[in-house]
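User: I want a close look at one part of this fold. Pick a strand, follow its neighbours, then trace the charged contacts outward from there.

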Amino acid sequence: MSPNEQIRQYPLAYETALEPAAEWAELRATCPVATITVPDGSQAKLLTRYDDVRQMLADPRFTRKDLDGGTGNAQEGATTSAAADTSEPPFSVPRHGEDHQRWRRMVGKWFTAKRMAALRPQMTAIADQLLDEMTGRGSSGDLKAHFAFPLPVYVICGMLGVPAEDRDRFSYWSDNFLNLTRYSAQERQTAVGELVAYMSGHIAAKRAEPTDDLLSTLIEESSGEGEALTDAELLGTGIGLLVAGHETTANMIGKMVAMLLADRTRWERLLENPSLVRSTVEEALRFDANGGFGLRRFLTEDVEIGGEVLPNGTTVVCAMAAANRDESAFENAAEMDLARTPNPHLAFGAGPHSCLGQALARTELQVALEVLLRRLPSLELDIPATDLERLEGLLVGGLSEVPVRW
């Protein structure tokens with residue numbers, strides 16, 4: 001770091017919930033490898049250019065520590081800060097090397113396009129049920145609380161074979177794991193213990209009586225010859241899917257709808273041409289300026305990035321949301337183009353550690369948008385878009401509420 005280089009406080013300041021930080025463009029243009037101070041008081045390097053972020057995400061020297069103090073990427077299935085409150089988490093998935101690739105191969109078999117297509121009717125039915133309940137309460141409400149938040153956890157519970165009556169408990173555990181300010185350390189530790197106990201019993205029940213769900217499939221495959229998952233890995237897979245797949249997708253549904261309603265000509269264009277749903281989902285992922293902390297990792301050896309050599313041990317934060325607004329990678333990057341294609345955004349990361357559940361997330365986002373367009377064509381924000389508030393205290397970005405009327 002040069003003597004005159006400014007050290008910025010991170011996360012950066014934002015004027016409104018849907019707009020990018022003003023400093024992004026400045027950093028990409030003049031300081032692509034910036035020095036920042038993160039909330040725990042330590043310093044790190046921040047990457048904001050598309051090419052630099054993509055290069056680092058795919059670099060095997062950009063890795064996590066065994067216990068990273070809650071800095072893991074929720075999209076990648078991290079156990080988050082709650083698990084870091086214990087010195088030896090009772091659950092885990094392999095994070096490095098061949099063991100990690102073995103785990104990805106086994107779990108990845110579930111997240112195929114064919115499997116996601118098969119889940120669509122169930123997702124649609126859940127979405128319709130939630131809208132029935134929401135619209136039954138009146139002509140306005142919080143779309144996040146009544147639709148976006150419960151939809152992904154209900155889907156995940158179905159994938160894990162969790163009974164419907166336990167969905168609300170899973171919602172609480174997920175929120176507890178990812179919220180850094182709402183709950184005390186003791187509350188987080190208690191939530192970890194409760195979820196571990198529940199999932200341990202659930203896995204034992206699936207061993208005894210398997211059904212058509214992800215855990216039963218993994219148990220069955222692990223009982224044969226060759227690749228196998230340990231009990232700790234099965235537990236980590238179930239918990240990781242909940243933590244990684246609930247809060248991120250729930251918040252993205254809310255942000256996506258808010259972006260489309262902030263300029264209602266976007267919503268009207270979709271009503272006229274629903275075939276744009278898939279490309280709209282991809283553009284919402286790219287356009288999202290409220291992506292959360294970013295991906296924080298550690299260098300295991302010296303790495304040159306953005307014209308600067310970063311020494312072994314450096315903490316690096318990849319700002320994927322900033323990279324997705326890079327004009328050198330996306331034409332008219334500051335505009336939301338519902339028909340943009342191709343769209344090589346970095347919302348799900350890149351390289352061998354890209355989000356394993358991205359096919360699930362994409363399908364849920366598409367289904368949520370399809371059902372909302374069909375059921376609530378008159379949907380609009382119930383407050384000015386500039387009054388929407390960012391959700392504070394989460395590793396992932398979101399809105400505290402999405403007030404709508406129909």
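Analyst:
**A strand and its surroundings**

Strand 3 and strand 9 are paired in the parallel sense, over three bridges. This is a predicted model. Across that pairing, L46 stands opposite V317 of strand 9.

Strand 9 has another partner. Four bridges join it to strand 6, and those two run antiparallel. Here F298 has T315 of strand 9 as its bridge partner.

Now look at the faces of strand 9, residues 315-318. T315 and V317 lie on one side, V316 and C318 on the other. All four are buried, so both faces count as covered.

Strand 6 leads on to the charged contacts. The side chains of D40 and R296 form a salt bridge, with N to O at 3.1 Å. R296 sits in strand 6 (residues 295-299), while D40 is in the loop between strand 2 (33-37) and strand 3 (43-47). The two residues are 256 apart in the chain, so this contact links distant parts. Their settings are unlike in accessibility. D40 has a relative accessible area of 53%, so it is exposed, the cut-off being over 50%. R296 has 10%, which is under 20%, so it is buried.

Another salt bridge touches the loop that leads into strand 6. D288 pairs with K255, their closest N and O atoms 2.6 Å apart. D288 is in the loop between helix 14 (277-287) and strand 6, and K255 is in helix 12 (residues 247-262). They are 33 residues apart, and the pair is counted as linking distant parts of the chain. Which side of the 20% cut-off does K255 fall on, buried or not? K255 is buried, at 5% relative accessibility. D288 is buried as well, at 8%.

Two helices are joined by charge too. R375 and D132 meet through their side chains in a salt bridge of 2.7 Å, N to O. R375 belongs to helix 16 (residues 358-375) and D132 to helix 5 (residues 113-135), so the contact ties together parts 243 residues apart in sequence. R375 is partly exposed, at 28% relative accessible area. D132 is partly exposed too, at 45%. This pair belongs to a network of salt bridges that links D128, D132, R374 and R375. Across the whole structure, the search finds 23 salt bridges.

Elsewhere, three strands form an open sheet in the order 5-11-10, with antiparallel pairing. Strand 5 (140-142) and strand 10 (380-381) are at the edges. Each has a single partner strand, so one side of each has no neighbour in the sheet. Strand 10 pairs with strand 11 (residues 403-405) over two antiparallel bridges. There, E380 has R405 of strand 11 as its bridge partner.

Last, a helix check. Helix 11 covers residues 231-245, which makes 15 residues. At 1.5 Å a residue, it should span 21 Å. Its end C-alpha atoms are 21 Å apart, so the expected and modelled spans agree. Helix 11 is also mostly covered, with 13 of its 15 residues buried.

To sum up the starting point: strand 9 pairs with strand 3 in the parallel sense, and with strand 6 in the antiparallel sense. Strand 6, in turn, holds R296, the salt-bridge partner of D40.

Notes: Residues numbered from 1 in each chain as written. Predicted model: local features only at pLDDT ≥ 70, side-chain atom pairs only at ≥ 80, totals over all residues. Heavy atoms only, no water. Salt bridge = Lys/Arg side-chain N within 4 Å of Asp/Glu carboxyl O. Buried < 20%, exposed > 50% of the residue type's maximum accessible area, 1.4 Å probe, protein only. Expected span 1.5 Å × (residues − 1). Pairing = 2+ DSSP bridges.
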